[in-house]
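This report describes the surroundings of a bound ligand and the lining of a pocket, for a reader who wants the criteria stated with the values.

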Amino acid sequence: MPYQSDYLSKVKTASDFLRPHTEGLNLEFGLTLGSGLGDLAEKIKVTAEFDYSEIPHFPTTTVAGHEGKLIIGKLAGIPVIGLKGRKHFYEVADLPNNEGILQTVFAVHFLAELGVKNYFVTNAAGGLNLDYEVGDLMIIKSHINFLPNPLLGQHFAFTRVDNGQIIERFQPMNGAYDEKLRQKLSLASLEFKKNIHQGTYLAVTGPTYETEAECIAFRDGLKADAVGMSTTPEVIVARNRGMKVVGLSCITNKIAKDGTNATNHEEVKAILESSEVKNRLSTIVTKFFESLY
Ligand code: HPA
């Protein structure tokens, strides 16, 4: 049977598997911890942990720095599900029947099925904005999506987490990154003010990094501040399912004024492993969750 024909029931089977472990917890947030950002999970007081491979139909990760573990616990007292590692579209782009992009967003549908109302997304990104330095963080204000839209093709009768209504195909994407949550994240970042920005994230398929001409077009033509290979399909699904979204990019490399992007995966990983960046990230995320009380 083609993958997409029973996608809805695959998502339901996966969430049914986890539900007994989440009952009574009132899970507030799902967090996707992107490349090298899995250490943020150390801030979560873990009550249960699963390999993605244990959860029926849950896509497993194949990229170094993406562990493939789901954790349930409390972050600064707030009940959360942490997802250590994601499926990127470039890993699965060759699959037929729309399976690639549907796998990419599986985890978000899964969270929505569990009734999780808020989605916190993190990623590594290249800094297009010339004011950004390596190790800075960008609170995502808006995005430009050059990945396939995950709502293309067969329409699924999922329900929204905010009002229980059946999803409509056409959804606005304005205000996709919740203004109040962005403000809270900004307040939580005050002590690192000069290293925190708000900006536009542009998503490409990768897996190559960008040419000079692409970088110049993205920065000077499209006014994007950071470029990466994930996040936007997840956010489209999260919004479509009525979740509130907040997003944070870690700038792992600086794209030069002439558009040169000389980075590689090793450099990207090395920045995410630096203790200064880890400390900055975990302090901000912890403060953000503390501010939700
Ligand atoms: N381009 C695309 N994706 C990225 C980059 C980049 O420069 N850095 C980290 N992820």
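Helices (H or I, at least four residues) and strands (E, at least two) are DSSP runs, numbered from the N terminus. The model is predicted, so local features need pLDDT of at least 70 and side-chain atom pairs count only at pLDDT 80 or more, whereas totals for chains, interfaces and linings use all residues. Residues are numbered from 1 along each chain as its sequence is written, and side-chain values use heavy atoms, with hydrogens and water left out.

The shell around the ligand (residues with a heavy atom within 4 Å of it) includes Ala125, Gly126, Tyr209, Met229 and Asn261. By class it holds 6 nonpolar, 5 polar and 1 charged residues, where Ala, Val, Leu, Ile, Met, Phe, Trp, Tyr, Cys and Pro count as nonpolar, Asp, Glu, Lys and Arg as charged, and the others, Gly among them, as polar. Polar contacts, pairs of N or O atoms within 3.5 Å, reach nitrogen atoms of the ligand as tabulated.

| Residue | Protein atom | Distance |
|---|---|---|
| Ala124 | backbone N or O | 3.5 Å |
| Glu210 | polar side-chain atom | 2.9 Å |
| Thr252 | side-chain N or O | 3.4 Å |

Taken alone the ligand exposes 260 Å², of which the protein buries 95% (Shrake-Rupley method, 1.4 Å probe). Strands E5 (118-127), E8 (226-228) and E9 (244-254) each give two or more residues to this shell, and E5 gives the most, with 3 residues.

Turning to the second largest pocket, its lining includes Glu28, Asp178, Lys180 and Tyr293, and divides into 5 nonpolar, 1 polar and 5 charged residues. Helix H5 (residues 179-188) gives the most to that lining, with 3 residues. A pocket here is an open set of points, on a 1 Å grid over the protein atoms alone, where a 1.4 Å probe fits, with protein on both sides within 12 Å along at least five of seven lines, and lining residues have an atom within 4 Å of a point.

Technical notes:
Polar contact = N/O pair within 3.5 Å; in protein donor to acceptor, adjacent residues only side chain to side chain.
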